[in-house]
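Me: Could you take a close look at one part of this model for me? I'd like to hear about the aromatic pairing and whatever sits around it.

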Amino acid sequence: VSDTVNITVYDSPNANAGPNLNLCNTFATILVANSLSGSSIGQWSAYSGPNIPSFSNPNSSVTNVTNLSEGVYQVLWTVNNGTCQPDVDTVVINVYNQPIANAGKDTSLCGQYNLNLYGNQPLGSAYGRWIVDPGYTPPSVPIFGDSSIYNTNINNLIDPFNRNLRLKKVELDNSYPNYLLKNVILQYFRD
């Protein structure tokens, strides 16, 4: 009498979800994980984020992910193969809204050496700061109350030469390397 035993050997699953991503004003992207080998099966899933993204093909190593909004997402690529312990890798997707800088109205001053500035409040994770235009050499150094507040004050606006002082409100995104510059022109007049 004889009997047969079937032995199935599975390769250890290997998951690599690809590099982390930073997106600015882009709310969809393509995820590219490692290719599956042998009988392995992979699946994309959302672990955390401000909402639940959609995957065009959650079982493909290359898939479109949509329905993203500003925030940080952790997306898992899980690879299973038979009776082996699954392998999981995480890709982090940072999504940022486009920063918008509005420095307010141009202003003329006569005999006044301070001013309240009213720029727009940065939205989402963006932040802003006020700077004096690097191309302008003032006779006095303007002093901001707090250059990181959108509605701050500026003092020491002394210019005996009736020149324009150009201020810039720089709005920066937390990780995106570009920034927007918006000008406010202050015109000085003598008393």
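Reply: Let's set one residue aside before getting to the pair: I7 lies in the segment ahead of β1, which covers 21-24. I7 counts as exposed, with 71% relative accessibility, over the 50% cut-off. Together with V5 and V9, I7 makes a nonpolar surface patch of about 380 Å² accessible area.

Keep in mind that this is a predicted model. The chain's mean pLDDT is 82, with 81% of the residues at 70 or more. Residues 185-191 fall below 50 in pLDDT, though the model gives that stretch 36 contacts beyond near neighbours in sequence. Residues 173-183 also stay under 50, and there the model has 34 contacts beyond four places in sequence.

Now the fold around your pair. The chain has 14 strands and 0 helices, so reading along the sequence you just get β after β. Of its 191 residues, 33% count as buried. For contacts with a separation of 6 or more, 60% join residues 24 or more positions apart. The accessible surface is about 11,100 Å², and carbon and sulfur atoms hold 49% of that.

On to the pair itself. The structure holds 1 aromatic pair, and the partners are W44 and W77. Their ring centres are 4.8 Å apart and the planes meet at 40 degrees, which makes the pair tilted. W44 sits in strand β3 (residues 41-48) and W77 in strand β6 (residues 71-80), so the pair ties together parts that lie 33 residues apart in sequence. Both W44 and W77 are buried.

What else touches W44? One contact is L31, if you skip neighbours within four places in sequence. L31 belongs to strand β2, residues 29-32, and its 2% relative accessibility makes it buried. With those close neighbours left aside, the contacts of L31 also include L21, F55, V62, V65, V75 and I93. Among the others are S61, T63 and V91.

V91 is the next one to follow, as W44 is on its contact list too. V91 lies in strand β7, residues 87-96, and is buried at a relative accessible area of 1%. L31 and V91 are 60 residues apart along the chain, yet their C-alpha atoms are separated by 8.8 Å. From V91 to A46 it is 45 residues in sequence and 9.9 Å between C-alpha atoms. Beyond four places in sequence, V91 also contacts A17, G18, P19 and N20, along with Y73, Q74 and V75. V75 is on the contact list of L31 and on that of V91.

Finally, a look at the strand that carries W77. T78 lies in strand β6 as well. T78 has a relative accessible area of 18%, so it is buried, under the 20% cut-off. Past its neighbours within four places, T78 is in contact with I41, G42 and Q43 on one hand, and with P86, D87 and V88 on the other.

So the picture around your pair is this: W44 and W77 are buried, they link strands β3 and β6, and both L31 and V91 are in contact with W44.

Methods: Residues numbered from 1 in each chain as written. Predicted model: local features only at pLDDT ≥ 70, side-chain atom pairs only at ≥ 80, totals over all residues. Heavy atoms only, no water. Phe/Tyr/Trp six-rings, centres within 6.5 Å; stacked < 30°, edge-to-face > 60°. Helix = DSSP H or I, 4+ residues; strand = E, 2+ residues; numbered from the N terminus. Buried < 20%, exposed > 50% of the residue type's maximum accessible area, 1.4 Å probe, protein only. Contact = heavy atoms within 4.5 Å. Areas by Shrake-Rupley, 256 points an atom, 1.4 Å probe, with all protein chains shown as cover. Patch = residues over 30% accessible without salt bridge, like charges linked within 9 Å, V, L, I, M, F, W, Y side chains within 5 Å. Salt bridge = Lys/Arg side-chain N within 4 Å of Asp/Glu carboxyl O. pLDDT = per-residue confidence, 0-100.
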